[in-house]
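Student: Please take a close look at one part of this structure. Start from a single residue at the surface or in the interior, and follow the elements around it as far as they lead.

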Amino acid sequence: MRKVRSNAAEALADVLADGMTIMSGGFGLCGIPEALIEGIEASGAKGLTVISNNAGVDGIGLGRLLATRQIRKMISSYVGENKLFAEQYLSGELELEFNPQGTLAERIRAGGAGIPAFFTKTGVGTLIAEGKEVRRFGEDDYVMETGLVADVSIVHAWKGDPEGNLVYRMTARNFNPMMATAGKVTIAEVEHLVETGSFDPDHIHTPGIFVDRLIHVANPTKHIEQRTVRQRGEEVA
């Protein structure tokens, strides 16, 4: 099956639908599948539930889909960098399912592994546990969390080959690997498209069996979420 597509529009064609659930990789603005996000924006698909560590920032990443009102619900763990997100949530326009970050990561990993639910101590006795089953193991209480599976997962990788094998680089190896396993359809954008057989099998992070389609996005913009610099000539303590 030919996995490599010429652009985001082709990769997303016949996949997107109103009301679907999408997983979007990345941490802050690091490792986000920006070209695929822009492809979703261009498609006009709406009423989306998006599972992502965060919602990007205003005008970048998932912030673009908030601006176009295409996202109905976010399942996230950190939402503090996006003013539009806060406005839509506080006005009741945007639904939020908030998760501790480790819990979100494990819910995605569990979904990809075919595990429907698991128990964790995180959140016991807090608002996070309201309405969820709590069970006692030994001397402690644990709250049940369900695994997450998406209709489509979109991820960003440093390198990929035509078979869909992926390698991530540094901090971009965050939510991307686990999300690649938890989508019914997984679409990857890669910075470097290499020939099949180029990878040492031991160095592959996501085997191609999990990836349905991919696009080559050379030299993507690497955004810095918060740029902090010292003044010229300022001494460093």
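Tutor: Ser91 has a relative accessibility of 54%, so it counts as exposed, the threshold being over 50%. The model is a predicted one. Ser91 sits in the loop that joins helix 4 to strand 5 (95-98). Its C-alpha atom is 45 Å from that of Pro162, which is 71 residues away along the chain.

Helix 4 (83-90) leads inward, as one of the elements that give two or more residues to the largest nonpolar core. That core holds 26 residues. Helix 1 (8-12), helix 2 (34-43) and helix 3 (63-67) also give two or more residues each, as do strand 3 (48-51), strand 4 (71-76) and strand 9 (150-160). The residues with the most contacts inside the core are Leu36, Ile40, Leu48, Leu66, Ile71, Met74 and Ile154. In soluble globular proteins, nonpolar side chains tend to be buried together.

Leu36 can be followed further. Beyond its neighbours within four places in sequence, Leu36 is in contact with Ala8, Leu12, Ile154, Val155, Ile187, Ala188, Glu189 and Ile215. There is also a second, separate core of 19 residues, with Ile51, Leu148, Leu166 and Val211 among them.

Empty space is a separate matter. One cavity of 30 Å³ or more is present, and the largest cavity contains about 50 Å³. Its lining has eight polar, four nonpolar and no charged residues, including Ser24, Phe27, Ile32, Asn54 and Leu62.

How values were computed: Residues are numbered from 1 along each chain as its sequence is written. This is a predicted model: local features need pLDDT of at least 70, side-chain atom pairs count only at pLDDT 80 or more; totals for chains, interfaces and linings use all residues. Side-chain values use heavy atoms; hydrogens and water are left out. A nonpolar core is a set of buried Ala, Val, Leu, Ile, Met, Phe, Trp, Tyr and Cys residues joined through side-chain atoms within 4.5 Å. Buried means under 20% relative accessible area, exposed over 50%, partly exposed in between (1.4 Å probe, protein chains only). Helices (H or I, at least four residues) and strands (E, at least two) are DSSP runs, numbered from the N terminus. Contact means heavy atoms within 4.5 Å. On a 1 Å grid over the protein atoms alone, a cavity is a set of points where a 1.4 Å probe fits but cannot get out, and a pocket is an open set with protein on both sides within 12 Å along at least five of seven lines; lining residues have an atom within 4 Å of a point. Grid points are joined across faces, edges and corners, and a volume is the space filled by probe spheres set on the points. Ala, Val, Leu, Ile, Met, Phe, Trp, Tyr, Cys and Pro count as nonpolar, Asp, Glu, Lys and Arg as charged, and the others, Gly among them, as polar.
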